[in-house]
Amino acid sequence: MPLSGWKMKKGAFTLVEATCTLIISSLVIINISLITTSVRQVGKMNLESTITWHLFLRELESANHRFELMEARDDRLLLYSQTTDQKYELRENHALYLTCQNKGGYMPLLDNIKNHEYSFTKLDSQRVLIKVTRKDGEKASAIVKFYPPK
């Protein structure tokens, strides 16, 4: 069979063009992957901070403890649990935590607190304004309403 009947040139990608296309496509995919990972991590960090703040507030107002306000100082809260008949103190040491005055022990409630950058302001016999600055500079404040005395 004579070779004159065969076309030697066909309209297709060359090896160099195909290689460049693969390199560009893989760079685009890698960049998209890095961007989505970064967005997920940032979103998780912001969400985690908000969730821990609301869990902290929920724990203080929980019906499981039925905390009643005994005393509010700028640096600590003295609480009485109507369910356990125990006195508790809410204080800070890199985290806000509850400690039982009679039996010891502690329960961390809110971490990543800047040292000494929090306050408790008594508003009335049941309500306290809590202000906190986190280590990342985020500020949070809320009014907690405790149970009335029995």
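This short talk walks through a few features of the predicted model you see above.

Hi everyone, let's begin with the salt bridges. The count comes to five, and I'd like to dwell on a few that hang together. Aspartate 75 forms one with arginine 76, where the closest N and O atoms are 3.8 Å apart. Arginine 76 also forms a salt bridge with glutamate 89, and there the closest N and O atoms are 2.7 Å apart. Where do these two residues sit? Arginine 76 lies in the loop between strand 1 (67-72) and strand 2 (77-81), while glutamate 89 is in strand 3 (residues 86-92), so this pair ties together parts that are 13 residues apart in sequence.

Glutamate 89 has another partner: its side chain meets that of arginine 91 in a salt bridge, at 3.1 Å from N to O. Put these together, and salt bridges with shared partners join Asp75, Arg76, Glu89 and Arg91 into one network.

Now, is glutamate 89 buried or exposed? Its relative accessible area is 9%, and buried means under 20%, so glutamate 89 counts as buried. Aspartate 75, at 35% relative accessibility, is partly exposed, and arginine 91 is partly exposed too, at 26%.

On to the strands. Strand 4 (residues 95-100) and strand 5 (residues 104-111) run antiparallel and are joined by six bridges. They form a hairpin, with three residues between them. If you want a spot to look for, find tyrosine 97: its bridge partner in strand 5 is proline 108.

Further along there is an open sheet of three strands, in the order 6-7-8, with antiparallel pairing. Strand 6 (113-122) and strand 8 (139-145) are the edge strands, each pairing on one side only. On average, neighbouring strands of this sheet are turned by 15° against each other, direction ignored. Between strand 7 (residues 127-134) and strand 8 there are seven bridges, and leucine 129 stands opposite isoleucine 143 in strand 8.

Last stop, the helix. Which residues form a nonpolar patch on the surface? They are Ile24, Val28 and Ile32, with about 280 Å² of accessible area together. Isoleucine 24 has its place in helix 1 (residues 15-60). Its relative accessible area is 54%, and the cut-off for exposed is over 50%, so isoleucine 24 counts as exposed.

To recap, keep two things in view as you turn the model: the network of Asp75, Arg76, Glu89 and Arg91, and the nonpolar surface patch of Ile24, Val28 and Ile32. Thanks for listening!

Note on methods: Residues numbered from 1 in each chain as written. Predicted model: local features only at pLDDT ≥ 70, side-chain atom pairs only at ≥ 80, totals over all residues. Heavy atoms only, no water. Patch = residues over 30% accessible without salt bridge, like charges linked within 9 Å, V, L, I, M, F, W, Y side chains within 5 Å. Areas by Shrake-Rupley, 256 points an atom, 1.4 Å probe, with all protein chains shown as cover. Salt bridge = Lys/Arg side-chain N within 4 Å of Asp/Glu carboxyl O. Helix = DSSP H or I, 4+ residues; strand = E, 2+ residues; numbered from the N terminus. Buried < 20%, exposed > 50% of the residue type's maximum accessible area, 1.4 Å probe, protein only. Pairing = 2+ DSSP bridges. Axes fitted to C-alpha atoms, helices over the stretch in contact; angles between N-to-C directions.
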